Amino acid sequence: MTSASRADSVPGTGAPRRAPLAWAAAGIVALCASVAVAVTIGPADIGVADVWSVIAAHLGAGTTAGDVSPIRDGIVWDLRLPRTLLAAVCGAGLAVCGAVLQSLLRNPLADPFILGVSSGASTGAVLVVVLGVGGGALSVPGGAFIGAVCSFALVMLLSHSLGGTTDRVVLAGVAAMQLFSALTSFVVMTAADAETTRGVLFWLLGSLGGAGWNDVGTTAAVLALVLAVCLGYARTLDAFAFGQDAAAALGVHVARTRLVLLCATALLTAALVASAGAIGFVGLVLPHAVRALTGPGHARLLPVCALAGAVFLVWVDTLARTVLEPQEVPVGVVTSLIGVPAFVLVLFRTRRAR
């Protein structure tokens with residue numbers, strides 16, 4: 001086997017990798033098909049043709065078919081489609097953040113919540129709902145976003161005070177996570193009634209039930225911006241695989257690069273948590289699976305990670321809203337049930353590698 005063919009093999013299997021463009025094309029097709037089919041699943045009997053008719057009518061590319069009633073039109077356009085698209089955006093964003101953080105921090109167990117962003121967002125949301133912070137002018141997503149930004153600022157301050165190395169960033173993130181989790185629990189335990197507590201906890205576990213087109217547009221815009229930034233640093237992230245000293249020797253401005261990418265991933269995570277609550281394990285598991293298919297190069301890894309995360313969360317959310325119909329399971333619970341065994345597998349693989 002030549003060196004070129006070895007480079008195109010999946011580590012540990014000897015199986016050849018497909019070209020990155022093939023994986024990207026397959027991901028786009030799978031995502032479009034997943035969205036189209038997922039929107040049809042639910043109590044109302046709606047077919048794929050009905051979904052396309054509704055979308056075409058609302059985009060001005062046609063008229064709604066006669067057999068699609070206004071009620072079914074509303075179910076597709078106002079309820080299921082924005083929810084499914086938000087699931088795709090959240091899955092894509094979490095997977096991209098996980099891939100970037102695992103490379104940047106050189107930690108295979110890093111995920112978007114290692115910076116304590118989700119805990120800060122949870123605290124901000126609870127302060128708005130339970131204590132009425134903002135006097136009604138601040139929404140729950142707005143409070144979550146402010147809390148996430150405050151948490152990230154604390155992590156950056158702590159890590160800088162401790163020396164600014166990658167392990168210090170991780171430790172500062174863990175400290176911030178515990179602090180804001182304790183604050184959230186304290187506020188809920190002391191000031192919330194039973195009904196409010198139930199609603200807040202459901203949101204904190206990850207919920208896409210209240211998705212609207214504004215949420216889709218905002219999170220998609222942030223995802224596009226952050227993905228463009230990360231792709232611009234793709235070759236720099238490749239250099240980080242050899243360590244910070246080696247990256248610096250190759251001409252990488254380590255401190256500036258780390259700050260830019262940490263801020264970008266924190267911004268994206270904050271936007272996702274503000275829209276959908278805390279959804280764990282997507283950013284931990286998906287990058288490892290995609291890396292085995294595409295290799296470690298970030299120019300091809302990040303786009304395929306985004307597509308894989310989008311497809312994954314679309315189907316997880318579909319399962320979460322239908323498995324116990326009419327009751328809905330928080331999507332974060334389902335991702336945890338799927339992600340924990342995968343997390344254990346990653347731990348074993350990391351141990352063997354050492």
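Contact, as I shall use the word, means heavy atoms within 4.5 Å. Helices (H or I, at least four residues) are DSSP runs, numbered from the N terminus.

The model before you is predicted: local features need pLDDT of at least 70, side-chain atom pairs count only at pLDDT 80 or more, and totals for chains, interfaces and linings use all residues. Residues are numbered from 1 along each chain as its sequence is written, and side-chain values use heavy atoms, with hydrogens and water left out.

I begin with helix H12. This helix covers residues 254–276, and I shall describe its packing against H4 and then against H6.

The axes of H4 and H12 come within 10 Å and cross at roughly 150°. Axes here are lines fitted to C-alpha atoms, for helices over the stretch in contact, and angles run from 0 to 180 degrees between N-to-C directions. H4 and H12 are therefore roughly antiparallel; angles under 35 degrees count as roughly parallel, over 145 as roughly antiparallel, 65 to 115 as roughly perpendicular and the rest as oblique. The crossing of H4 and H12 is left-handed, a word used if the near helix is turned anticlockwise from the far one by less than a right angle, with right-handed used if clockwise.

Which residues in H4 and H12 meet? From H4 come Leu 86, Val 89, Cys 90, Gly 93, Leu 94, Cys 97, Val 100, Leu 101 and Leu 104. From H12 come Arg 258, Leu 261, Leu 262, Thr 265, Leu 268, Thr 269, Leu 272, Ser 275 and Ala 276. The residues of this contact divide into 13 nonpolar, four polar and one charged. In this count Ala, Val, Leu, Ile, Met, Phe, Trp, Tyr, Cys and Pro are nonpolar, Asp, Glu, Lys and Arg are charged, and the others, Gly among them, are polar.

Turning to H6, residues 140–161, its axis and that of H12 come within 8 Å and cross at roughly 155°. H6 and H12 are therefore roughly antiparallel to each other, and H6 passes H12 in a right-handed crossing. On the H6 side the participants are Pro 141, Ala 144, Phe 145, Ala 148, Phe 152 and Met 156. They meet Leu 259, Leu 262, Cys 263, Ala 266, Leu 267, Ala 270, Ala 271 and Ala 274 in H12. By class, the contact of H6 with H12 has 14 nonpolar, no polar and no charged residues. Leu 262 appears in the contact with H4 and also in the contact with H6.

A further helix pair is H5 (residues 117–131) and H8 (residues 194–204), which pack at an angle of about 155° with their axes 11 Å apart. That makes H5 roughly antiparallel to H8, and their crossing is right-handed. Ala 121, Ser 122, Ala 125, Val 126, Val 129 and Val 130 in H5 meet Thr 196, Val 200, Trp 203 and Leu 204 in H8. This contact comprises eight nonpolar, two polar and no charged residues.

I return to H4 for the aromatic residues. The structure holds one aromatic pair. Trp 77 and Trp 213 form this pair, which is tilted, at 4.7 Å centre to centre and 35° between the planes. Rings of Phe, Tyr and Trp (its six-membered ring) pair if their centres lie within 6.5 Å; planes under 30 degrees apart count as stacked, over 60 as edge-to-face and the rest as tilted. The pair links distant parts of the chain, with Trp 77 in H4 (residues 70–104) and Trp 213 in H9 (residues 213–232), 136 residues apart.

How accessible is each partner, in what terms? Trp 77 is buried, with a relative accessible area of 17%, whereas Trp 213, at 32% relative accessibility, counts as partly exposed. Buried means under 20% relative accessible area, exposed over 50%, and partly exposed in between (1.4 Å probe, protein chains only).

Finally, the loops. Arg 106 lies in the loop between H4 and H5; this residue has a positive phi of about 50° although it is not a glycine, and at 52% relative accessibility Arg 106 counts as exposed. Phe 281, in the loop between H12 and H13, likewise has a positive phi, of about 75°, and is not a glycine. Phe 281 counts as partly exposed, at 22% relative accessibility.

Where is the cis peptide bond that involves Pro 326? This bond joins Glu 325 and Pro 326, with omega about 5°, and Pro 326 is placed in the loop between H14 and H15 (331–353).

Methods
Helices (H or I, at least four residues) and strands (E, at least two) are DSSP runs, numbered from the N terminus.
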